[in-house]
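Subject: Structure for you to look at

Hello,

I am passing on a structure for you to open beside this message, and I would ask you to keep it in view while you read. My notes on what was found in it follow below.

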Amino acid sequence: MKNRIIGLAITAMALLCTPLLVSCGGDDDETPTNQGTNTSSVDYVEPCFEWGSTKEQVKNYMAGSSWQLTFDQYMLMYTNDKTTCSISYMFRGSTPGLYYAMVQYIGYSESKLSGIVTETEKRYRTSLTKQQEIVDSKTYTQYSGNATINGKYVGIIITSDYSTQITVIFAIPD
């Protein structure tokens, strides 16, 4: 029950933040750090996982990459130089410093979604559970699970609107 509440809270945060995000598109995303060989069908983007970092520390982490800072107030948002993807970081909550990172890919296909789910499971040694809900005759699907990333227990949610974007959320539960 606790995991479901955490998952719903993370999903709600994603839905609240989505209108603030800059759209991104394509399959040629760039990773801000070199994390090894990518074996999935998509270029996988891994955000900063220096949990507890300040905004300035995350800015330093992202500096020198092809990512452009596009929003800097209560959260940070970056868009890659090809405008194919965005990364958002949040710093509020009961956890001091960075506790939330969200990657949004523009462009939906079953193979892209499958590749992102597979690569997420592989990189963070976890299994994500597929969940579906029908609302007003429309089926919504999300994949969720937990992993330890950089020494912290992290909730992971992957959602898609089945037409324009795929969202991957990493968040430390409160």
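Before the list of neighbours further down makes sense, one term is needed: a contact means heavy atoms within 4.5 Å. Please also keep in mind throughout that this is a predicted model.

Let me begin with the sheet, which is open and has eight strands in the order 1-2-3-4-8-7-6-5, with antiparallel pairing. Strand 1 (67-72) and strand 5 (129-135) stand at the edges, and because each has a single partner strand, one side of each is left without a neighbour in the sheet. From one strand to the next, the twist averages 20°. As a general point, the strands of a sheet pair through backbone hydrogen bonds, in either a parallel or an antiparallel sense. Here, strand 5 pairs with strand 6 (residues 138-149) in the antiparallel sense over seven bridges, and Val 135 stands opposite Lys 138 in strand 6.

Two helices can then be placed against these strands. Helix 2 (residues 55-62) packs on the sheet, where it touches strand 1, strand 2 and strand 3 (85-90), and its direction makes about 10° with that of strand 2. Helix 3, in turn, lies across strand 4 (100-106), strand 6, strand 7 (152-160) and strand 8 (165-171), running at about 170° to strand 7.

Turning to the interior, the largest nonpolar core has 45 residues, and those with the most contacts inside it are Tyr 89, Tyr 105, Ile 149, Ile 158 and Phe 170. If residues up to four places away in sequence are not counted, the residues that Ile 158 touches include Leu 113, Ile 116, Val 117, Tyr 143, Ile 166 and Val 168.

Two further residues are worth finding in the viewer. Tyr 78, which is found in strand 2 (residues 75-80), has a relative accessible area of 4% and therefore counts as buried. Tyr 78 and Trp 67 are 11 residues apart in sequence, while their C-alpha atoms are 5.8 Å apart in space; Tyr 78 also touches, among others, Val 58, Met 62, Leu 69, Ile 87 and Tyr 89.

The other is Arg 123, which is found in helix 3 (residues 110-123). Is Arg 123 buried or exposed? Its relative accessible area is 19%, and because buried means under 20%, Arg 123 is buried. The side chains of Arg 123 and Glu 46 are joined by a polar contact of 3.3 Å.

With best wishes

Conventions:
Residues are numbered from 1 along each chain as its sequence is written. This is a predicted model: local features need pLDDT of at least 70, side-chain atom pairs count only at pLDDT 80 or more; totals for chains, interfaces and linings use all residues. Side-chain values use heavy atoms; hydrogens and water are left out. A nonpolar core is a set of buried Ala, Val, Leu, Ile, Met, Phe, Trp, Tyr and Cys residues joined through side-chain atoms within 4.5 Å. Buried means under 20% relative accessible area, exposed over 50%, partly exposed in between (1.4 Å probe, protein chains only). Helices (H or I, at least four residues) and strands (E, at least two) are DSSP runs, numbered from the N terminus. A polar contact is a pair of N or O atoms within 3.5 Å; within protein, one must be able to donate a hydrogen and the other to accept it, and residues adjacent in sequence count only if both atoms are side-chain atoms. Two strands pair if DSSP finds at least two bridges between them. Axes are lines fitted to C-alpha atoms, for helices over the stretch in contact, and angles run from 0 to 180 degrees between N-to-C directions.
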